[in-house]
Amino acid sequence: MNRIARLGLALMATTMISGTALADDVTIGIRTEPSSMDPYFHNLGPNNAMLGQIFGRLVEWPPAMDKIIPRLATSWKAIDDTTWEFKLREGVKFHDGTAFTADDVLFSFARADGYTGGNSSFRTYTKGKTVTKVDDFTIHIKTEAPYPLMPNDMTTLMIMSSEAKGTGGEANNGIKAKDFNDGLATMGTGPYKFVEWKKGDQIVVEKYDGYAGPMAQPWDKITFKVIKSDPARTAALLAGDVDMIDDVATPDIPALKTNDAVALSQGVSNRVIYIHIDQFRDVSPFVTDKAGNALTKNPLKDARVRKALSKMIDRDEIVEKVMEGVAIKAGQLLPEGFFGRSPNLKPDAYDPEGAKALLAEAGWADGFALTIHGPNNRYINDGKIAEAIAQMLTRNGIPTKVETMPSSVYFKRASSGGPDKTPEFSFFLVGWGAGSGEPSSPLKSLLATVDASKGQGASNRGQHSDPELDAVLVEALATVDDDKRAALLAKATDIGIGRNMGIIPLHYQVNTWATRKGLKYEARADERTVGINLIKDN
């Protein structure tokens, strides 16, 4: 399969950072801290990045996401049409000294599948799979139909100890969030063990001497300093208070490029920034007439209206002015080079007249008013993107207000904040990184009809639904032949976005990390900021 190549710029630049010798401890400034230390609480980038250093997965993606590599599993193969066999690594111990066996995999699957109280669950990757123990170091995962993406799915699920039952009640196998956040249950097999989490301040991990995995551990201790402000994060690097920062602010990139004491690393991300649209409520909470009065009908349920809104968004302006050229405009779920993309979909061109014609055709020639909601500390320039979109819609006859908030608040309201446990918002900014390395993951999570029993629509906040897309996706997920599966995934994307505008793709992120001289970071297509990919540049 062809995967997108990283940009991999190692751009050297000059600053006032002191030239002290590099120690075996490192401090990394991060923009966004995880929402929990529980590996199943939220399928969210910052959580998956931080916790993947503490908990192991059966298999893993390298930074370029060009192949799947062994981790807790040493080998895997399909032994018949509906059964995958994974051989587990022997001699692995959890951070508390207990031995890793097949029992821990079975426990982790069951807990992830039955987890309650979190957001964007991992059931997308567990439903429809039956895990059985063959012996202490062999498991079989069985599905009802052929499922070629089993190794891809296993790059997502972290494995915890079946002994870490915690002190909670019956819910979530007796484990409470507090048990993780205070360290009682935060024991994995990963290269680093949990030390402390001071919310809003820092997370500290230390090298695990008993680590038996395939990757080297470059640091004895890593301190992740939470620095939400973009200018403050850059200032901390220049002052020598941290050794690396992630999410380098786009206005800071030009100056850092000319600074000989700084190294930049950039990579095209597998994350698409997009807009969810309320397609299920007859009356949507943040859609009104232009005077602010409630409507008795939800215009967003009409695909022509959704397409019109997409045509009112000038993606070139967002990329060039808001993102300062550090982004790629999007028309589907993954950028060029990824498997299963549609050859038919291009980014919608800015077309106000075409948008107005579609609104008139749908019976909304006079327009309506919206509120766009979004986080202001999760994605690159997320608050500014929301403001730009609001301005574009407003100047094209859709008066739009903006409300942004910290991601810790935003995702609760965007997932199940309404009184009926549905998303609170009507038109809202989100991002999705395709952990599967192909469109199957976002199609299943973002556009498939919501069905918890099948693990579908776990993050389908707009509740898009199309039986034809569901059928094509089911067929794709059971198709072993790569060429046929790629065509089916492209067809499902054509239906969900090209025909239905189930979400509005905006752009793909290009991520930038900055390190002090003497260090280099290998840019990751999955955007993760992890200490194991930060090494000394001798």
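This is a short talk on the cavities, one helix and one buried threonine in the structure above.

Good morning. One caution to start: this is a predicted model.

Cavities come first. How many of 30 Å³ or more does the structure hold? Six. I will take two of them.

The largest cavity has about 360 Å³ of space. Its lining is made of 27 residues. Look for Asn43, Gly45, Asn48, Arg271 and Gly433, which lie nearest the centre of that cavity. Three elements give two or more residues to this lining: helix H1, residues 45-51, strand S15, residues 262-277, and strand S20, residues 427-433. Which of them gives the largest share? That is S20, with four residues. Now the chemistry. The lining of the largest cavity has 12 polar residues, 10 nonpolar and five charged.

On to the second largest cavity. Here the space is about 260 Å³. The lining takes in 22 residues. Nearest the centre are Pro46, Asp246, Arg378, Glu527 and Thr529. Helix H1 comes up again: H1 and strand S21, residues 503-516, each supply at least two residues of this lining. By class, the second largest cavity is lined by nine nonpolar, seven charged and six polar residues.

Next, a helix. Please find H14, residues 467-477. Its buried residues are Leu469, Asp470, Val472, Leu473, Ala476 and Leu477. Where do they sit around the helix? Seen down the axis of H14, the buried residues fall within an arc of 170°, so they line one face of the helix. What do they pack against? The partners are helix H13, residues 440-447, and helix H15, residues 482-499.

Look also at the N-terminal end of H14. Asp466 caps that end. A side-chain oxygen of Asp466 lies 2.8 Å from the backbone nitrogen of Glu468.

Last stop: Thr234. You will find Thr234 in helix H6, residues 230-239. Is Thr234 buried or exposed? The cut-off for buried is under 20% relative accessible area. Thr234 has 7% relative accessibility, so Thr234 counts as buried. Which residues does Thr234 touch, if we leave aside its neighbours within four places in sequence? Thr234 is in contact with Ile245, Asp252 and Leu256.

To recap. The two cavities I described have about 360 Å³ and about 260 Å³ of space. H1 gives residues to the lining of the largest cavity and to that of the second largest. The buried residues of H14 line one face of that helix, and Asp466 caps its N-terminal end. Thr234 counts as buried.

Thank you.

How values were computed:
Residues are numbered from 1 along each chain as its sequence is written. This is a predicted model: local features need pLDDT of at least 70, side-chain atom pairs count only at pLDDT 80 or more; totals for chains, interfaces and linings use all residues. Side-chain values use heavy atoms; hydrogens and water are left out. On a 1 Å grid over the protein atoms alone, a cavity is a set of points where a 1.4 Å probe fits but cannot get out, and a pocket is an open set with protein on both sides within 12 Å along at least five of seven lines; lining residues have an atom within 4 Å of a point. Grid points are joined across faces, edges and corners, and a volume is the space filled by probe spheres set on the points. Ala, Val, Leu, Ile, Met, Phe, Trp, Tyr, Cys and Pro count as nonpolar, Asp, Glu, Lys and Arg as charged, and the others, Gly among them, as polar. Buried means under 20% relative accessible area, exposed over 50%, partly exposed in between (1.4 Å probe, protein chains only). The arc is that of the directions from the helix axis to the C-beta atoms. Contact means heavy atoms within 4.5 Å. A polar contact is a pair of N or O atoms within 3.5 Å; within protein, one must be able to donate a hydrogen and the other to accept it, and residues adjacent in sequence count only if both atoms are side-chain atoms.
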